[in-house]
Amino acid sequence: MFENLQNININKIDLHNSIYRISTDNNFAYLTESIEKDGITTPVILKKEDNDTFIIVSGYKRIASGIEAGIKKVPALLVCTNGNAEEINFLCSKLSITENAYHRELNNVEIGKGLTLLKKFITIEEIVLNSVVFFNKTLNKKIVKDLLSVSCLDNSVHDLILSRKLAINTILKIKEYNFEIFNLFINIFSKVRMGQNKQLEIITNTHEIARRDDLDLLEILQSKKINDILAHENNDENFKGNLLRQYLKKIRFPELTKTYENYKNYIKQLKIEPEIKIDPPNNFEGEKYSLSFQFSNLTEFDKKIQKLVLIQKNNSLKKLFK
Amino acid sequence: MKIKKLFLDKDVIPCQETKLIQEKTQLDFEIIENENQIFDYINSADDPILKGKSCLYLTHNKGAVIKDCPGTSHYTCCDYTILHTGTFCTMDCSYCILQAYFHPPLLRYFVGKERISQSLDSIFQEHKNFRIGTGEYTDSLIWEKISDQPSFLINKFAGQHNSILELKTKTVNIDSLKKIDHNEKTVISWSLNTEAVIKSEERDTSSLKSRFEAARKVESWGYKLAFHFDPVVIYDGCIDEYKKVIKTIFDYVSPDNILWISIGSFRFMPHLKPLIEKRFPDSKICYGEFILGLDNKMRYFKPLRIEVYKNIVGQIKKYAPQVTAYFCMEDKKAWEESFGFFPEPEGKLGKILDQSAIEHCKLKSFL
């Protein structure tokens, strides 16, 4: 598999070739510090090219850090290049994945990159069957397909995944649309922060508003209202996300939203203190309202009951049940 | 949808009913040892649901012949009884739950009149009134042109006094019903909808006009009638269109011959939605204001349902105050706001419908 351990001149290594790179971590300051102190203690893996240069199979960060630290040579294991070229490339792919996967848990983007490397040589079924060997974890067919599909996307999308602003299922959903719409959704999700379910809710509601009202999805996504929300002076991404959800929900479910708003207004008119809650039936479908309040002793309990008696006499309470 | 392939369960090959259907369809058949053979055949298609509509499987009913309508919790059921004569349907309605109900959906025709006959005999001996229908898991008259099952059932019901048979359909397959001595124990009923809904959501069904014409014909042959507005679909202008359909009913038939008119708004199990979106890309039926109901089905937001109901019920009362109208699976509020009452206690709705059946079909009353 390997030739002898050698010290290779860094200037012989093609630093631009990142064919086997799967790591997404670009922060290597801590590594530079360590290399300055102790040098590179774990050999990198290199593959010799025809023109007497080397490409990196594993150790991109170590080499970059080594350059920062000012070292001239790196200890390297050289992949044996005698034999079938495809088999050697397959070996390099496996090495690049396992070298990472057996040191730490790979994130989804890294697994996707690893899968893309393997897919050139073996089938999805074979990957699934050997996923523990390659990735140090079990992957099923759906995950493999999903991550492969995400892997081919732009780095900016990968960055959003890594910063937890974009869920894999969200990407798979918006990939069903054309490039322009895909990018508009990406733009939206890059500016708000919310979990996967809420992202999917935004996509579904937008899609269904367009279908219901015979509108172009593009038109909705580029609308002034959505742009205003994204450019809101309050820069809190959670706040913007909630505004966007509320806006779309109001258009998608106008009557339901109106009923909830009226309900909230009546509750406001009742001037109930925050510790007392009156909740309507879920979606106003059932018949039962619920009342809850908190108290820590009998005196507080008595006070709350007295407040409830006052609420009972308030006319807004009657409106609540209309 | 035209049947292109016939599958025969090896056990039904000797049956006369099988021979009749083979003869009428003139189709080559494949003998089936194991149902999985058909499932594989259907599941290999891009659209297994559509494929399932193109092949007919003649087999015995290996389960119960007579079942209670499943209903659902929290909403009022009419206590209907189902005669299980087959599954699935040749027509292709976007909203049809049968698409998601059978795995995979397969057109089964249950051969075996003897077993049906025996099951019905026990029902007919009970001191209770029954409303029995075949239109729950299939359309009651899709096989009328190739099978004598409808006439067998009509004759069977003609000879008893505690039950009515309801044949519920969207077809106009009624020719063989003409000369049967039904003794007024069979009700032919049609699912109705607005022209717009029929056009956009009900592939391969009969037109509204032809349903009305068929209703008029069977009425002239002495049959009693029923109509079902289910699913009521809410869209801009739907109220006027439903009102128009209701008015038209009475242009064609007499309210005195109508046992009941049922009303139920579109509701669906959540997993039906992606199926509709995939199979009916032009349909907008899923994009109403649906909420998750208490029975875990999606339903229109209640005030919207009630608004449409009030108008439909009002129109029925305007043209035919004597006709029994009712909701299929609705709650107390919907009943009270639309009809002004709620059939309480549980079972009351069934009794109201039994009463209508007794009066119209000269049943012996066991109420």
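Biologist: Happy to look through this with you! Which residue's side chain meets that of Glu110(A) in a salt bridge?

Modeller: Glad to help, and please keep in mind that this is a predicted model. Glu110(A) counts as buried, at 1% relative accessibility. Its partner counts as partly exposed, at 30% relative accessibility. The two side chains meet at 2.9 Å, N to O, and the partner is Arg104(A).

Biologist: Nice. How far apart in helix H7 of chain A are Lys142(A) and Asp146(A)?

Modeller: The side chains of these two residues meet in a salt bridge at 2.5 Å, N to O. Lys142(A) is exposed, with a relative accessible area of 52%, while Asp146(A) counts as buried at 14%. Both lie in H7, residues 141–151 of chain A, and their spacing is about one turn of the helix, that is, 4 residues.

Biologist: Moving to chain B, how many residues apart in sequence are the parts that the pair Asp92(B) and Arg279(B) ties together?

Modeller: Asp92(B) forms a salt bridge with Arg279(B), and the closest N and O atoms are 2.9 Å apart. Asp92(B) lies in strand E7 (residues 92–93) and Arg279(B) in helix H10 (residues 272–279), so the pair ties together parts of chain B with a sequence separation of 187 residues.

Biologist: And are Asp92(B) and Arg279(B) buried or exposed?

Modeller: The cut-off for buried is under 20% relative accessible area, whereas exposed means over 50%. Asp92(B) and Arg279(B) both fall in one class: buried.

Biologist: Which residues are joined with Glu285(A) into one network by salt bridges that share partners?

Modeller: This network has members from chain A and chain B. Glu285(A) is joined there with Asp295(B), Arg299(B), Arg305(B) and Glu330(B).

Biologist: Arg299(B) catches my eye. Which residue stands opposite Arg299(B) in the strand pairing?

Modeller: Arg299(B) is in strand E17, which covers residues 298–300 of chain B and is joined to E15(B) by 2 bridges, running antiparallel. The residue opposite Arg299(B) is Arg267(B).

Biologist: Which strands are the edge strands of the open sheet that holds E17 of chain B?

Modeller: The sheet has 3 strands with antiparallel pairing, in the order E15-E17-E16. An edge strand here pairs on one side only, and that applies to E15 (267–268) and E16 (290–292) of chain B.

Biologist: Which residue in the loop between E16 and E17 of chain B has a positive phi although it is not a glycine?

Modeller: The phi is about 65°. The residue is exposed, with a relative accessible area of 51%. It is found in that loop between E16 and E17 of chain B, and its name is Asn296(B).

Biologist: What is the phi of Gln26(B)?

Modeller: Gln26(B) lies in the loop between helix H1 (16–25) and strand E2 (29–32) of chain B. At 65% relative accessibility, Gln26(B) counts as exposed. Although Gln26(B) is not a glycine, its phi is positive, about 55°.

Biologist: Let us turn to another strand. Why is E10 of chain B described as largely enclosed by the rest of the structure?

Modeller: Both faces of E10(B) are covered, with Ser163(B), Leu165(B), Leu167(B) and Thr169(B) buried on one side and Ile164(B), Glu166(B) and Lys168(B) buried on the other. The strand spans residues 163–169 and is largely enclosed because the number of its residues that are buried is 7 of the 7.

Biologist: Which residue of E10(B) is the bridge partner of Gly133(B)?

Modeller: Strand E9 (residues 130–133) of chain B and E10(B) pair in the parallel sense over 4 bridges. Within E10(B), the partner of Gly133(B) is Glu166(B).

Biologist: Which residue is joined to Pro345(B) by a cis peptide bond?

Modeller: Pro345(B) is placed in the loop between H12 and helix H13 (348–361) of chain B. The omega of the bond is about -5°, and the residue joined to Pro345(B) is Glu344(B).

Biologist: What is the omega of the cis peptide bond that joins Asp230(B) and Pro231(B)?

Modeller: Pro231(B) lies in strand E13, residues 224–232 of chain B. For the cis bond between Asp230(B) and Pro231(B), omega is about 10°.

Biologist: One last one: which residues form a negative surface patch with Glu336(B)?

Modeller: Glu336(B) is found in helix H12 (residues 332–339) of chain B. Glu336(B) is partly exposed, with a relative accessible area of 39%. In the patch Glu336(B) is accompanied by Glu287(A), Glu337(B) and Glu344(B).

Terms used:
Residues are numbered from 1 along each chain as its sequence is written. Chains are lettered from A and ligands numbered from 1 in the order in which they are written. This is a predicted model: local features need pLDDT of at least 70, side-chain atom pairs count only at pLDDT 80 or more; totals for chains, interfaces and linings use all residues. Side-chain values use heavy atoms; hydrogens and water are left out. Patches are made of residues with over 30% relative accessible area and no salt bridge: like charges are joined within 9 Å, nonpolar side chains (Val, Leu, Ile, Met, Phe, Trp, Tyr) within 5 Å. Accessible areas come from the Shrake-Rupley method with a 1.4 Å probe; for residues, only the protein chains shown count as cover. A salt bridge is a side-chain nitrogen of Lys or Arg within 4 Å of a carboxyl oxygen of Asp or Glu. Lys and Arg count as positive and Asp and Glu as negative; His and the chain ends are not counted. The place of a charge is taken as NZ of Lys, CZ of Arg, CG of Asp or CD of Glu. Buried means under 20% relative accessible area, exposed over 50%, partly exposed in between (1.4 Å probe, protein chains only). Two strands pair if DSSP finds at least two bridges between them.
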